[in-house]
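Visitor: Please take one part of this model and go through it closely, strand by strand and helix by helix. I would like the cut-offs stated as you go.

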Amino acid sequence: RTGEYCYKVYHDRDSICDGCLVAKTMEDGKIHSTEKTVLKPDGREARLIVYSTPIYNGNGKLSAVMEMATDITEVKKLQHELTYMGRTIAVMAHRIKNILMGLEGGIFVVETGMEDGDDAMIKKGWGMIQRNVKKVSGIVKDLLYCSKEREMNFELIDPIPVVQNVFELFEGKARKENITLDLDIPVSMPKGKFDPDALHSLLSNMITNAFDACINDATEDKEFHRVCIHSKYEQDGKYIFEIEDNGVGIPGAMGDCVFEDFFSTKGREGTGLGLLVARKIIEEHGGTIIFRSTEGEGTTFRAIFPHNE
Ligand SMILES: Nc1ncnc2c1ncn2[C@@H]1O[C@H](COP(=O)(O)OP(=O)(O)O)[C@@H](O)[C@H]1O
Ligand SMILES: [Mg+2]
């Protein structure tokens with residue numbers, strides 16, 4: 001495309017760009033640089049660092065300007081990943097420190113119980129230890145899903161038994177927390193390509209959130225708290241898994257923030273990774289996750305999987 005204007009070639013414009021570097025150098029004879037995003041011929045975006053340099057003729061007069069652009073897309077990506085990694089490590093170190101404090105507390109209580117021969121005390125301390133070990137393993141599992149470590153293991157399965165498994169896993173907790181847990185699923189679904197463990201994690205994360213939403217709900221106008229797992233197969237080849245709760249709800253202003261890494265409203269109890277993991281798992285299956293919520297009334301998260309064989 002020799003001979004064409006750079007604004008045409010790079011930006012498909014018919015007039016000079018705002019803040020054009022070449023124009024600036026033409027005017028003041030100095031070197032200028034900037035970063036910008038351009039659309040490559042294949043339709044992908046590229047981040048460029050652009051320099052404009054004056055070229056002087058034998059008489060010391062500015063005769064031309066040379067513009068050089070270097071594609072720094074990969075460098076930018078690495079920079080972004082490094083920042084992300086640094087932040088991840090900082091947040092995780094903090095969370096794990098809190099858990100370790102909980103573990104130490106548990107050990108202290110067990111030791112005191114042993115010294116005093118107090119069985120109730122030992123039991124209490126042991127419970128603290130168990131809870132904190134579970135928290136660590138939850139965090140590590142979520143982190144593994146976030147990193148590339150965990151590749152999907154797809155199998156051709158009917159997802160219903162997985163849903164049933166998850167339901168059974170949460171029945172005890174539901175009873176303990178006084179939450180009605182309902183299951184609304186067909187007997188079976190056509191076989192499709194799923195990673196069974198990942199599907200299990202995804203549903204568990206969503207149900208854990210639904211339970212938290214019920215437990216943290218202070219409104220008194222609800223007769224009871226209820227979480228319902230709905231699954232259906234739609235004839236146009238879609239699997240739908242929905243977790244419906246009548247808990248605290250998500251304020252409209254929060255919007256899609258809930259999917260962001262480390263976004264949590266649960267203070268020390270939250271990792272802010274659950275929905276990030278959920279979305280990652282769904283996207284690796286080629287599906288999507290959406291939710292609708294009314295603050296104070298409840299939330300429904302909906303995971304939609306395409307039927308792949
Ligand atoms: N069913 C739900 N009802 C109300 N709020 C929810 C629900 N699910 C998720 N959220 C909000 O999204 C945030 C992020 O969820 P998640 O990524 O699982 O992290 P965590 O559960 O560790 O806080 C939660 O802290 C909560 O504010
Ligand atoms: Mg969660």
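Guide: The domain assignment of the protein chain, whose bounds come from an automatic or database domain assignment, gives domain 1 (6-71), domain 2 (76-146) and domain 3 (155-306). The centres of domain 1 and domain 3, taken over C-alpha atoms, are separated by 51 Å. This is a predicted model, in which local features need pLDDT of at least 70 and side-chain atom pairs count only at pLDDT 80 or more, while totals for chains, interfaces and linings use all residues. Residues are numbered from 1 along each chain as its sequence is written, chains are lettered from A and ligands numbered from 1 in the order in which they are written, and side-chain values use heavy atoms, with hydrogens and water left out.

The part I choose is the five-stranded sheet and what lies around it. Helices (H or I, at least four residues) and strands (E, at least two) are DSSP runs, numbered from the N terminus, and two strands pair if DSSP finds at least two bridges between them. The sheet is open, with the order β5-β7-β8-β10-β9 and mixed pairing. β5 and β9 are its edge strands, each pairing on one side only. Neighbouring strands are turned by 10° against each other on average, direction ignored; axes here are lines fitted to C-alpha atoms, for helices over the stretch in contact, and angles run from 0 to 180 degrees between N-to-C directions.

At one edge, β5 runs parallel to β7, and six bridges join them; among the bridge partners, Asp-182 is matched by Cys-228 in β7. α6 packs on the sheet and touches β5, β7, β8, β9 and β10, its direction making about 20° with that of β8, where contact means heavy atoms within 4.5 Å. In the loop between α6 (196-215) and β7 (225-234) lies Ala-218, which is exposed at a relative accessible area of 66%; buried means under 20% relative accessible area, exposed over 50%, and partly exposed in between (1.4 Å probe, protein chains only).

At the other edge, β9 and β10 pair in the antiparallel sense over seven bridges, with Phe-291 standing opposite Phe-301 in β10. These two strands form a hairpin with three residues between them, and Gly-296 in the turn has a positive phi of about 85°.

Next comes the nonpolar packing, a nonpolar core being a set of buried Ala, Val, Leu, Ile, Met, Phe, Trp, Tyr and Cys residues joined through side-chain atoms within 4.5 Å. The largest such core has 42 residues, and Phe-241 and Phe-305 have the most contacts inside it. The elements giving two or more residues to this core are α5 (160-177), β5 (179-184), α6, β7, β8 (238-245), α7 and β10, with α6 giving the most, nine residues. Leaving aside residues up to four places away in sequence, Phe-241 touches several residues, including Pro-159, Val-163, Leu-203, His-230, Phe-301 and Phe-305. Apart from this core lies another, of six residues, among them Met-92, Phe-262, Leu-273 and Leu-276.

Helix α7 (residues 274-284) has Gly-274, Leu-275, Leu-276, Val-277, Ala-278, Ile-281 and Ile-282 as its buried residues. Their cover includes α3 (73-116), α4 (119-146), α6, β9 (288-294) and β10 (298-306). Just after α7, Gly-286 takes a positive phi of about 80°.
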